[in-house]
Amino acid sequence: MRLIRAVVDTRALRANLATLRQRAPGSRVMAVVKANAYGHGLVPTAVALSDADAFAVARLEEGIALRAAGIRQPIVLLEGVFGYDQLREAAHHGFQLVVHDPVQLAQLEEFAGPHRFVLWLKIDTGMNRLGFRPDEFPAAYARLQHMRATPLEIRALTHLARADESDSTMTAEQIARFRQATARLGIATSIANSAGVLAWPDARTDWIRPGLALYGVSPFERRTGEELGLQPVMSLETRVIAVRRVPRGESVGYGSLWKAERDSRVAILAAGYADGLPRSLEGGTPVRIGSHVAPLAGRVSMDMIAVDVTDVPAAVGDACTLWGPELPVEQVAERAGTIPYELLCAVSQRVLLETR
Ligand SMILES: *Cc1c(COP(=O)(O)O)cnc(C)c1O
């Protein structure tokens with residue numbers, strides 16, 4: 001039995017999907033399950049989210065893994081594909097493709113297979129990462145319309161750069177640019193990621209594309225998923241593997257970062273940066289041991305952390321939670337100087353994924 005486990009609550013997953021549907025009642029939901037479903041396990045997550053209208057992944061292999069597991073819903077490849085081999089694979093599995101680059105356009109034009117793709121043309125409305133600029137969009141759209149292997153349908157999407165910032169004017173500008181570019185075409189559109197769904201009603205168009213919120217986590221700073229009506233899905237759990245006395249004046253761990261200012265007790269837990277716990281996690285970060293909370297003592301090692309349990313009971317074998325419903329991953333991320341997305345995606349192969 002592995003000591004460290006990421007326990008995934010499928011009831012919470014489904015509840016979050018239902019909550020997001022309520023927020024965008026006129027939209028269909030493309031559940032974003034890229035990056036191993038943000039660390040929650042690609043296939044079990046997709047199976048739990050069987051009510052989703054479609055799934056979105058970043059890479060071809062992720063889509064193939066979903067099909068191999070028997071997932072029948074439409075699958076959107078958010079970065080599209082490059083090259084004829086990948087196009088053939090995508091056609092074989094019936095994937096929908098994002099088209100964001102002239103190279104992809106040219107390859108689609110050359111593609112002669114009988115398959116008729118559903119294509120999502122990406123408009124770059126300000127992110128300057130992927131997509132055609134609004135002034136390039138009409139020409140790209142026309143090329144898709146006239147290619148040899150006639151698309152089954154052409155749709156349009158864009159991605160928001162600052163939807164998590166309620167005081168930024170950029171989101172409204174991006175939405176306006178997108179609407180202007182797609183007006184009069186009468187095609188299906190998609191704008192909203194999680195923050196878009198939760199904070200920007202105008203972004204809730206034909207399709208929404210939530211990722212993080214499905215996992216019960218807030219995309220906004222200093223807010224938790226629970227405060228947004230979502231239920232945390234993952235608990236990262238481990239156990240105490242040692243409890244030791246540390247006399248006043250002695251230190252713990254690499255670099256002696258933590259020093260005992262009194263005669264102390266320290267619990268050693270089986271969780272380290274090889275499990276995905278960032279080394280940047282600062283001392284004092286709360287850790288749950290049984291039903292008590294105690295502060296992280298010193299540096300995260302590869303396989304272990306130390307927790308100051310001078311003031312709380314702790315024994316070898318005790319169950320510990322590094323994040324979960326009672327210890328929001330948003331707050332842990334803040335103590336590591338990062339965002340919850342990164343913590344969830346970083347949960348490593350060594351952690352047993354347990355779907356409940
Ligand atoms: C990852 C991704 C999403 C989901 O973003 P969240 O912030 O997790 O909701 C939506 N759209 C695209 C294009 C993405 O790459």
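**Reading the pocket, the ligand and the cavities**

Mentor: In this predicted model, the largest pocket has a lining of 38 residues, and those nearest its centre are Tyr-38, His-159, Asn-193, Ile-339 and Tyr-341.

Trainee: How is empty space found in general, and how much space lies in the largest pocket?

Mentor: The general idea is that rolling a probe the size of a water molecule over the atoms shows where empty space is left. In the present case the largest pocket holds about 940 Å³ of space.

Trainee: Which helices each supply at least two residues of the lining of the largest pocket, and how do the residues of that lining divide by class?

Mentor: The helices are H2 (34–38), H9 (194–199), H10 (329–335) and H11 (340–346), each of which supplies at least two residues of the lining. By class, the lining of the largest pocket comprises 21 nonpolar, 6 polar and 11 charged residues.

Trainee: Where does the ligand sit, and which residues are around it?

Mentor: The ligand sits in the largest pocket, and the residues around it include Val-32, Lys-34, Tyr-38, Leu-78, His-159, Asn-193, Arg-209, Leu-212 and Tyr-341. The shell around the ligand is made up of 6 nonpolar, 4 polar and 2 charged residues.

Trainee: What distances separate atoms of the ligand from polar atoms of Tyr-341, Leu-212 and Arg-209?

Mentor: For Tyr-341, a polar side-chain atom is 2.6 Å from an oxygen atom of the ligand, while for Leu-212 a polar backbone atom is 2.8 Å from an oxygen atom of the ligand. In the side chain of Arg-209, an N or O atom lies 2.9 Å from a nitrogen atom of the ligand. On its own the ligand has 390 Å² of accessible area, of which the protein covers 92%.

Trainee: How many cavities of 30 Å³ or more are there, and what lines the largest cavity?

Mentor: The count comes to 5 cavities of 30 Å³ or more, and the largest cavity has a volume of about 100 Å³. Its lining has 17 residues, with Pro-232, Gly-324, Pro-328, Val-329 and Glu-330 nearest the centre of the largest cavity, and this lining divides into 10 nonpolar, 5 polar and 2 charged residues.

Notes:
Residues numbered from 1 in each chain as written. Predicted model: local features only at pLDDT ≥ 70, side-chain atom pairs only at ≥ 80, totals over all residues. Heavy atoms only, no water. 1 Å grid on protein atoms, 1.4 Å probe; cavity = no way out; pocket = protein on both sides within 12 Å on 5 of 7 lines; lining within 4 Å. Points joined across faces, edges and corners; volume = space filled by probe spheres on them. Nonpolar A, V, L, I, M, F, W, Y, C, P; charged D, E, K, R; others polar. Near = heavy atom within 4 Å. Polar contact = N/O pair within 3.5 Å; in protein donor to acceptor, adjacent residues only side chain to side chain. Areas by Shrake-Rupley, 256 points an atom, 1.4 Å probe, with all protein chains shown as cover. Sits in = over half its atoms within 2 Å of the grid points. Helix = DSSP H or I, 4+ residues; strand = E, 2+ residues; numbered from the N terminus.
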